[in-house]
Amino acid sequence: MRYAVISDIHGNVEALKAVLDDIGSRSIDATVCAGDIVGYYPDPEQCVELVEEHVRYSVVGNHDYAAIGRIDTRNFTFYAYAAMEWTKANLSADAKKYLGSLPLTMEVDELYFTHSSPSNPQDFIYVFPDSEEAIFEAFNSLVHRVNFIGHTHWPSIMVQDDERIVLHNDDTVDIKPDYYYLINVGSVGQPRNFDPRSCYAIYDTDKQNVSLVRVSYDYSLTQTKVYDNNLPAFLAERLPKGR
Ligand code: ZN
């Protein structure tokens, strides 16, 4: 079985289509989404439709919750707030119903999926590769060996062996029995790790390995739509920088 895991699409349909095309060319059996289908970019409706069509399982992200009024957006940054107000006004009732149907956590085939730290999924805690406290808390909470998250838009593969937690530098890591894995699959629609390419992960249960995959897409079209819809210009400007 080969799983593709995508996350943080954020209404960027050009990026999502490129990633789905790439997934389509790699004999993947099932695609899973780790949340944040909407928010920031101007095609939330199309992104929800594509996810419904191509993604077998999805958990909910904080922006998905914000779009259906389930979390407060007062602590969002100004541009996230402005984009969320726009998103709410440009999503159909059907799309909102779909977002409202997504669970906070999901277990598939002994794999565990949450948008943010699995320690308290409802609190949407970020697990950055340099946030020691969040990393320890996340690993302490693990029940499953292989865990997928998103939320930071920063891909990373973290492994706990007998004694310590290691951050891998390689894009492909073998899954060993008895070790615990926290795999951040990065972001489809708004990478922030200084690489403008979309990122997602492939987990191969036969080979027992996980790989991070990068996909280039034409973000100039997304940028034009950001300006045309009067979304914050910063959202367009950050795409080529990948941050
Ligand atoms: Zn996100």
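1. **The S7–S8 hairpin.** In this predicted model, strands S7 and S8 form a hairpin, with four residues between them. S7 covers residues 156-160 and S8 covers residues 165-168. The two strands pair in the antiparallel sense. Four bridges hold that pairing in the assignment. For a specific register check, take Ile157: its bridge partner in S8 is His168.

2. **The sheet around the hairpin.** The hairpin strands belong to an open sheet of six strands. The order is S4-S5-S6-S10-S7-S8. Pairing across the sheet is mixed. Which strands lie at the edges? They are S4 (105-108) and S8, each of which pairs on one side only. From one strand to the next, the twist averages 20°.

3. **A parallel pair in the sheet.** Strands S5 and S6 run parallel. S5 spans residues 111-114, and S6 spans residues 146-149. Three bridges join them. Leu111 has Val146 as its bridge partner in S6. Set this beside the hairpin: S5 and S6 are parallel, whereas S7 and S8 are antiparallel. As background, strands of a sheet pair through backbone hydrogen bonds in either sense.

4. **The zinc site: donors.** Which residues coordinate the zinc ion? Asp8 and Asp36 each coordinate through OD, while His10 and His153 use NE2. The distances are 1.9 to 2.5 Å. Along the chain, the donors follow the spacing D-x1-H-x25-D-x116-H. Asp8 and His10 are both buried.

5. **The zinc site: geometry.** The site is irregular. Angles among the four donor atoms run from 88 to 178°. Why is the site not tetrahedral? A tetrahedral label needs all angles between 85 and 135 degrees, and the range here reaches 178°. Water is not among the atoms, so a site may look incomplete. Keep that in mind when reading the irregular label.

6. **Helix H7: the buried side.** H7 runs over residues 219-228. Its buried residues are Thr222, Gln223 and Val226. They lie on the same side of H7, because they cover an arc of only 100° around the axis. What do these residues pack against? Their partners are helix H1 (13-24) and helix H8 (233-237).

7. **After H7.** One backbone point deserves a look. Asn230, just after H7, takes a positive phi of about 55°.

Conventions. Residues numbered from 1 in each chain as written. Predicted model: local features only at pLDDT ≥ 70, side-chain atom pairs only at ≥ 80, totals over all residues. Heavy atoms only, no water. Buried < 20%, exposed > 50% of the residue type's maximum accessible area, 1.4 Å probe, protein only. Arc of directions from axis to C-beta. Contact = heavy atoms within 4.5 Å. Pairing = 2+ DSSP bridges. Axes fitted to C-alpha atoms, helices over the stretch in contact; angles between N-to-C directions. Donors = N, O, S within 2.8 Å, 3.2 Å for Na, K, Ca; no water. Tetrahedral: all angles 85-135°; square planar, octahedral: opposite > 155°, others 65-115°.
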